[in-house]
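Thank you all for making the time this morning. I would like to walk through one model with you, slowly, and take its parts in turn.

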Amino acid sequence: MQPIIKVEKVSYYYDSFPSLDHISFSVEKGDFLGIIGPNGAGKTTLFQCMLGIVKNFSGEISLFGTDIRQNRKVLQRIGYVPQKKSVEQTFPATVSEIVSLGVIGRDIKRESIESAIEFVELGAYRNKRIGELSEGQQQRVIIAKALVKQPELLILDEPTTGIDSAAQDKFYDLLTRLNKDRGITIVWSSHDMNAVEKLASKVACIDRKLFFHGESEDFFGNEERMRSYVEFAMQSHMNLHFGKSKNLHDNTEKKNDAHVV
Amino acid sequence: MLFDLFQYGFMQRSLLSAIAIAVICSIVGLFLVLKRHSLFGDALAHVAFGGISLGLFTGIYPLWTAYIVAILSAVGVNKLRESTKIPADSSIAVLLTSGLAIGVILISISGGFTLNLFSFLFGNILLVSVEDVIIILITDAIVIPVIYVFYKKLVLIIFDENQAKVSGLNVSWINTLFIILASITIIASIRLVGVLLISSLIVVPNITALMFGKGFKKTMFISCAISVFSVVFGIIVSYYSNLAPSGTIVLTMVSIFLVTIIAKNMKIRLNKITVTK
């Protein structure tokens, strides 16, 4: 069966520093993929390439069998939840108005908006301004906005950073329901290794290069592999700071090949 | 007695123009305020000043030259900001000062314009001609339908540009379209309050409306209502008290803004007292 996402040898340089270096992996229908990596590992850049926001990368990315740089219509099948950003309290859009922005260019039924709002359990807040909600609730509004167009794939970029743990648990429960009950394929980046271990069926570890991609238990159940990933990430950052990124990539090339599934 | 003034042709023209301008300035202004481009109106008006000076210098109808110069400058500065990542407020400052500089040079070359230029600087809605009214109504007929069609796209871009891109929107193209709409709105509005007070029409009704705590569409409606009331009330006061209409219009808007702040603070205090009890 054709993978939903296929990333092939993707590299992207930012001011001569490699943000992504020969990343390759694929995502199958129904996967719940957790992408982990430290700050600056290139997770957001990878998503921006996957979504066609950044276009000048080398390599190829196809979504639903279509090159993202050739056909942007495929984005209609994808819901995107970006890194949490603070919404000003005075921003004059209600929860309903924000959710309705999930569908652009065609009519949207009132029931679809209501159903998405109810699914994220914010029915009581539908007429409140989004800026008046807590940060956890605001992220659920963005999920509802992504759901209203009934996506087949949901991409979430560190959606719970800075959100309190109770709100995080509620958010994770929501993701699990979307994956299991609605069959939505989820690709989700996070710093929270515990949450990824608990929720994700597959894991990809990146730090500009791909260190591992495979079943969650193959990573979290293998202590040596986890320890080696931490060392890889630490060395990668130290080398980058001391301007030795090229050596790092040469040294880690074989390592990557060995672990990529 | 009070309504006698509505019998005069010049007053009918001025009220019709003022209401039309008030509505589009509020609508366009809400997007500008939320984009943190509040001073964009001021900058464009100063560029328009350069365009007006050019028109007066060359003998072409000044509003036409103002339209051309302002649209070209606004689109150019927007492209410059996108390609060089210059902060929005800095690019607005470049726009503002260069427009003013061009105007000053043209005035000095021609030995100074007098009455016409003064009316463009401070506005005088009571002097609008039939030609002005037609231009203003055409501007409304362009701006309102285009904003209506692009409403959701514009709101999404203001809320989060990256999400808008992922929704498949051509954000750069829509931003350019909006800049053109803002430019023609501001040039059409110069007749009402002039170059120097144009920002008030863009900013004051909208920051007042934002304090009401309503959704996007309701905020837009409240802003339009405040703006329309202010221009009508300001013109009536100016007529009976023989004051400059631009001044009375702006002071009416600012008064509503201050009253809203006071009322909101009182409401918060009353709520606190109620909770304490």
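I will go from a strand in chain A to the nonpolar cores, then to the aromatic pairs, and finish with a single serine in chain B.

Please keep in mind throughout that what you see is a predicted model.

Let me begin with strand β8 of chain A, which covers residues 185–190 and is mostly covered itself, since six of its six residues are buried. If you follow the side chains along the strand, A:T185, A:V187 and A:S189 point one way, while A:I186, A:W188 and A:S190 point the other way, and all of them are buried. Which strands pair with β8(A)? One partner is strand β3 of chain A, residues 32–36, which runs parallel to β8(A) and is joined to it over five bridges; in that pairing A:F32 stands opposite A:I186. Another partner is strand β7 of chain A, residues 153–157, also parallel and also joined to β8(A) by five bridges, and here A:I155 stands opposite A:V187. Between β7(A) and β8(A) the chain passes through helix α5 of chain A, residues 165–180, and this β-α-β crossover is right-handed.

One residue of that strand, A:W188, takes us on to the nonpolar cores. The largest of these has 133 residues, and the members that touch the most others are A:F91, A:I143, A:W188, B:F31 and B:F216. Helix α8 of chain B gives this core its largest share, namely 20 residues. There is also a second, separate core of 34 residues, which includes A:V10, A:F25, A:F47 and A:L51. To return to A:F91, and leaving aside its neighbours within four places in sequence, this residue is in contact with A:I98, A:R129 and A:I130 in chain A and with B:L34, B:I158, B:F159 and B:F216 in chain B.

That brings me to the aromatic rings. Over all chains the structure holds 18 aromatic pairs. In the pair of B:F31 and B:F178 the ring centres are 5.8 Å apart and the planes stand at 65 degrees, so the pair is edge-to-face. Because B:F31 lies in helix α1 of chain B, residues 9–34, and B:F178 lies in helix α8 of chain B, the pair ties together parts that are 147 residues apart in sequence. Both B:F31 and B:F178 are buried.

Compare B:F229 and B:F233, whose ring centres are 5.5 Å apart with the planes at 10 degrees, so that this pair is stacked. These two phenylalanines both lie in helix α9 of chain B, residues 216–241, and are four residues apart, about one turn of the helix. Are they buried or exposed? B:F229 counts as partly exposed at 46% relative accessibility, and B:F233 is likewise partly exposed, at 39%. Elsewhere, ring pairs link A:F91, B:F31, B:Y151, B:F159, B:F178 and B:F216 into a cluster.

Finally, the serine. B:S199 sits in helix α8 of chain B, residues 171–210, and with a relative accessibility of 14% this serine counts as buried. Where does its side chain find a polar partner? A polar atom of the B:S199 side chain lies 3.5 Å from the backbone nitrogen of B:D42. Not counting residues up to four places away in sequence, B:S199 touches B:S38, B:L39, B:G41, B:D42 and B:V204.

Terms used
Residues are numbered from 1 along each chain as its sequence is written. Chains are lettered from A and ligands numbered from 1 in the order in which they are written. This is a predicted model: local features need pLDDT of at least 70, side-chain atom pairs count only at pLDDT 80 or more; totals for chains, interfaces and linings use all residues. Side-chain values use heavy atoms; hydrogens and water are left out. Buried means under 20% relative accessible area, exposed over 50%, partly exposed in between (1.4 Å probe, protein chains only). A polar contact is a pair of N or O atoms within 3.5 Å; within protein, one must be able to donate a hydrogen and the other to accept it, and residues adjacent in sequence count only if both atoms are side-chain atoms. Contact means heavy atoms within 4.5 Å. Two strands pair if DSSP finds at least two bridges between them. A crossover is right-handed if, with the strands pointing away from the viewer, the path from the first strand over the helix to the second runs clockwise. A nonpolar core is a set of buried Ala, Val, Leu, Ile, Met, Phe, Trp, Tyr and Cys residues joined through side-chain atoms within 4.5 Å. Rings of Phe, Tyr and Trp (its six-membered ring) pair if their centres lie within 6.5 Å; planes under 30 degrees apart count as stacked, over 60 as edge-to-face and the rest as tilted.
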